[in-house]
Amino acid sequence: MKNFFSVEDVINVYDLIKEAIDLKNNPYKFYHIGKNKTIGLVFFNPSLRTRISCQKAAFNLGCNIWVLNIHKDSWKIEMNDGNIMKSTQEHLKEAISVMSLYCDIMAVRTFPNLIDRDYDYKEVIFNKILTYSKIPVINMESATLHPLQSLADVMTIVECSPFFLNNNKKKCKVVLSWAPHIKPLPQSVANSFVQWISKIKEIDLTITFPEKYDLSKKFSNGIYTTYNQEEAFLNADFIYAKNWSSYIHYGKILCHSTDWMITKNKMKLTNNAKFMHCLPVRRNMVVEDSVLDSPSSIILKQAENRIYSSQIIFLKILQSLS
Ligand code: CP
């Protein structure tokens, strides 16, 4: 694996999930591969899980690691080309080129602007980073995708699902449900989740959201979608809650209703479904305490699996370097 931008960089998703689960059972198996190797983590946006799980994954592989929070710890970076840099001190071109001299793999987080849809969906910034970097680059959440999260999510579903564990022929019903939020959030977690789930033939995916919250057809084409959340929840085995801002009216909040919050009563419609969320989550806005704190909630397992989704991707790239 040269770079890791999306599920399209993965040859076989099933094999990757199995290898990530094997790493979870034996995290130090490849401890020696990281000797004299350095991973740089570059954050243009905040993080708790991604930052620390990537550090832990790197430690498990015996790698050195450095972390830089752009704008907070570094010079202010100019992202556009051709500007007279009056209010920014360093251009992305020099910043990425230089940082890539200081490590063997660079992982980057850079969120969308949620203003210019074409700009975000062309992944202009991440593509510039790929161009300027002299070393492999990993996507720790870009304008439209969050693949390390999605790999942890599908790994969690496989671990928790009797359909996979018992080789049962019955399909597993997974529901991605929009949920309320007060701030406009990216579509990246939802896009990426759909992209990864679509690679697993044992899963039937339903997406439910209010009107005008359709995801880009690039990701949701061919997937059953409904505006009726309660209908979607019927017989579901997994409920994945996530807010995203409108793709159609790009970056806008169109639905202010609290009716879309995940509640204990809605969970009763399901097949005793597991509750999932990538975190951070706003309690009693996105989901009721009673759901988050119930035995059905697998949010911590998802968060734990972020270590192994990162570790397997680091490992694949380290193996390609040697
Ligand atoms: N889920 C996730 O990416 O969490 P952070 O934003 O805290 O890294």
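Which residues surround the ligand? In this predicted model, the ligand is ringed by Ser47, Leu48, Arg49, Thr50, Arg109, His146, Gln149, Cys278, Leu279 and Arg306. Sort that shell by character and you get three nonpolar, four polar and three charged residues.

So where does the ligand sit relative to the domains? It lies between domain 1 (7-146 + 306-321) and domain 2 (149-302), because both of them give residues to the shell around the ligand. The space the ligand takes up is also the largest pocket.

Now for the polar contacts, laid out with their distances.

| Residue | Protein atom | Ligand atom | Distance |
|---|---|---|---|
| Arg49 | polar side-chain atom | oxygen | 2.9 Å |
| His146 | polar side-chain atom | oxygen | 2.8 Å |
| Leu279 | polar backbone atom | nitrogen | 2.8 Å |

Arg49 and His146 each bring a polar side-chain atom to a ligand oxygen, while Leu279 uses a polar backbone atom to meet a ligand nitrogen. As for cover, the ligand on its own would expose 250 Å², and the protein buries 92% of that.

What about empty space elsewhere? Rolling a probe the size of a water molecule over the atoms shows where space is left empty. How many cavities of 30 Å³ or more does a search of the whole structure find? The search turns up one, and the largest cavity holds about 30 Å³ of space.

Its lining is made up of Trp178, His181, Lys183, Pro184, Tyr213, Asn243, Trp244, Ser245, Lys252 and Ile253. By character, the lining of the largest cavity splits into five nonpolar, three polar and two charged residues.

To pull the two sites together: the ligand occupies the largest pocket and lies between domain 1 and domain 2, whereas the largest cavity is lined by residues including Trp178, Tyr213 and Trp244.

Note on methods: Residues are numbered from 1 along each chain as its sequence is written. This is a predicted model: local features need pLDDT of at least 70, side-chain atom pairs count only at pLDDT 80 or more; totals for chains, interfaces and linings use all residues. Side-chain values use heavy atoms; hydrogens and water are left out. A residue is near a molecule or strand if one of its heavy atoms lies within 4 Å of it. A polar contact is a pair of N or O atoms within 3.5 Å; within protein, one must be able to donate a hydrogen and the other to accept it, and residues adjacent in sequence count only if both atoms are side-chain atoms. Accessible areas come from the Shrake-Rupley method with a 1.4 Å probe; for residues, only the protein chains shown count as cover. On a 1 Å grid over the protein atoms alone, a cavity is a set of points where a 1.4 Å probe fits but cannot get out, and a pocket is an open set with protein on both sides within 12 Å along at least five of seven lines; lining residues have an atom within 4 Å of a point. A molecule sits in a cavity or pocket if more than half of its atoms lie within 2 Å of its grid points. Ala, Val, Leu, Ile, Met, Phe, Trp, Tyr, Cys and Pro count as nonpolar, Asp, Glu, Lys and Arg as charged, and the others, Gly among them, as polar. Domain bounds come from an automatic or database domain assignment. Grid points are joined across faces, edges and corners, and a volume is the space filled by probe spheres set on the points.
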